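Let's take a walk through this one together. Have the model open and turn it as you read.

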Amino acid sequence: MDVHVIRRDNKHLYSEILEDYFRLRYQIYVVERKWAALDRPDKREMDQFDTDETVYLLGLEGRSIIAGMRLVPTTAPTLLSDLFPRLSLNGPIQRPDVYELSRIFVVPKRRGEHAGPRAEAVIQAAAMEYGLSIGLSAFTIVLESWWLPRLLDQGWVARPLGLPIDIDSMSTIAVMVDVNEQAWTEICIRRSVPGPMLVWQGLPVIERPAIRDLVPAA
């Protein structure tokens, strides 16, 4: 699985894949998770945060989507600023060096796999790689509270921005995750991700060092 960076400059190269992506999001969030408020007659799951400012990271095998994630700059409207501001005690984060992660998924047939690095770990490591590549210092994430120990277990520093709140019968919390070299190397090592995964088709390529070049010799 390669992870493709898709943003304003190159989205024309992925028009068919993006169409599949929004229909897949519908299947995951409306049909599977039953988030009825997201239902649309065209069977595509899109909202006000899917704009020209949005960056998509899609894990592809050929043209098949295996995993995905959405990144939105916090200088633009985000889930935290517009829908869930009460999750942040000091107000939503709005900084050019911080992006919000959302719509993180793996297709059902690839969840819980045991051979090689899991797709979930690859797409998260790719997000950290992207953040480092463009000079971010942190991500914000609105997530179900059970996700927090998993983030910590993969070596990420995730600080709650407020107290958990019950939203639609789910304990939900907002966190800020540090973007740094250690966070990237830790998830790669702990989750067997081999190293840089991003494909910059139609964009200036931003090279990352191999994991072996960042880990001190024993």
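With 218 residues, what radius of gyration would a compact globule have, and what does the chain have? Keep in mind that this is a predicted model. A compact globule made of 218 residues would come out near 17 Å, and the chain has 17 Å, so the two agree. If you box up the C-alpha atoms along the principal axes, you get roughly 50 × 40 × 35 Å.

Now for what fills that box. The chain has six helices and nine strands. Buried residues account for 51% of the 218. Take the contacts with a separation of 6 or more: 71% of them join residues 24 or more positions apart. On the outside, the chain exposes about 10,500 Å², with carbon and sulfur atoms supplying 53% of that area.

Next, look for empty space. Rolling a probe the size of a water molecule over the atoms shows where such space is left. The largest pocket holds about 1,100 Å³. Its lining takes in 42 residues, and the closest to the centre are Tyr29, Arg33, Trp35, Arg103 and Glu144. Several elements give two or more residues to this lining, among them helix H1 (15–32), helix H3 (119–133), strand S4 (98–106) and strand S8 (170–178). Which element gives the largest share of the lining? That's S4, with six residues. Sort the lining by class and you find 25 nonpolar, five polar and twelve charged residues.

Stay with strand S4 for a moment, since Arg103 lies there. Is Arg103 buried or exposed? Its relative accessibility is 9%, and because the cut-off for buried is under 20%, Arg103 counts as buried. The backbone is worth a look too. Most residues other than glycine have a negative phi. Arg103, which is not a glycine, has a positive phi of about 50 degrees.

Ile104 is found in S4 as well. With a relative accessible area of 28%, Ile104 is partly exposed. Leaving out residues up to four places away in sequence, Ile104 touches Tyr29, Gly68 and Met69. Tyr29 is also one of the residues closest to the centre of the largest pocket. Ile104 and Ala67 are 37 residues apart in sequence, yet their C-alpha atoms are 7.6 Å apart in space.

Move over to helix H1, where you'll find Tyr26. Its relative accessible area is 5%, so Tyr26 is buried. What does Tyr26 contact, apart from its neighbours within four places in sequence? The partners are Val31, Asp39, Arg40, Lys43, Arg44 and Glu45. Val179, by contrast, sits 153 residues from Tyr26 in sequence and 30 Å away, C-alpha to C-alpha.

Last stop: the loop between helix H5 (181–190) and strand S9 (198–199), which is home to Ser192. Here is another positive phi in a residue other than glycine, with Ser192 near 60 degrees. Val193 has its place in the loop between H5 and S9 too. With a relative accessible area of 5%, Val193 is buried. The C-alpha atoms of Val193 and Ile123 are separated by 9.7 Å, though the two residues are 70 apart along the chain.

How values were computed: Residues are numbered from 1 along each chain as its sequence is written. This is a predicted model: local features need pLDDT of at least 70, side-chain atom pairs count only at pLDDT 80 or more; totals for chains, interfaces and linings use all residues. Side-chain values use heavy atoms; hydrogens and water are left out. On a 1 Å grid over the protein atoms alone, a cavity is a set of points where a 1.4 Å probe fits but cannot get out, and a pocket is an open set with protein on both sides within 12 Å along at least five of seven lines; lining residues have an atom within 4 Å of a point. Grid points are joined across faces, edges and corners, and a volume is the space filled by probe spheres set on the points. Helices (H or I, at least four residues) and strands (E, at least two) are DSSP runs, numbered from the N terminus. Ala, Val, Leu, Ile, Met, Phe, Trp, Tyr, Cys and Pro count as nonpolar, Asp, Glu, Lys and Arg as charged, and the others, Gly among them, as polar. The radius of gyration is taken over C-alpha atoms; the globule rule is 2.2 Å times the number of residues to the power 0.38. Buried means under 20% relative accessible area, exposed over 50%, partly exposed in between (1.4 Å probe, protein chains only). Contact means heavy atoms within 4.5 Å. Accessible areas come from the Shrake-Rupley method with a 1.4 Å probe; for residues, only the protein chains shown count as cover.
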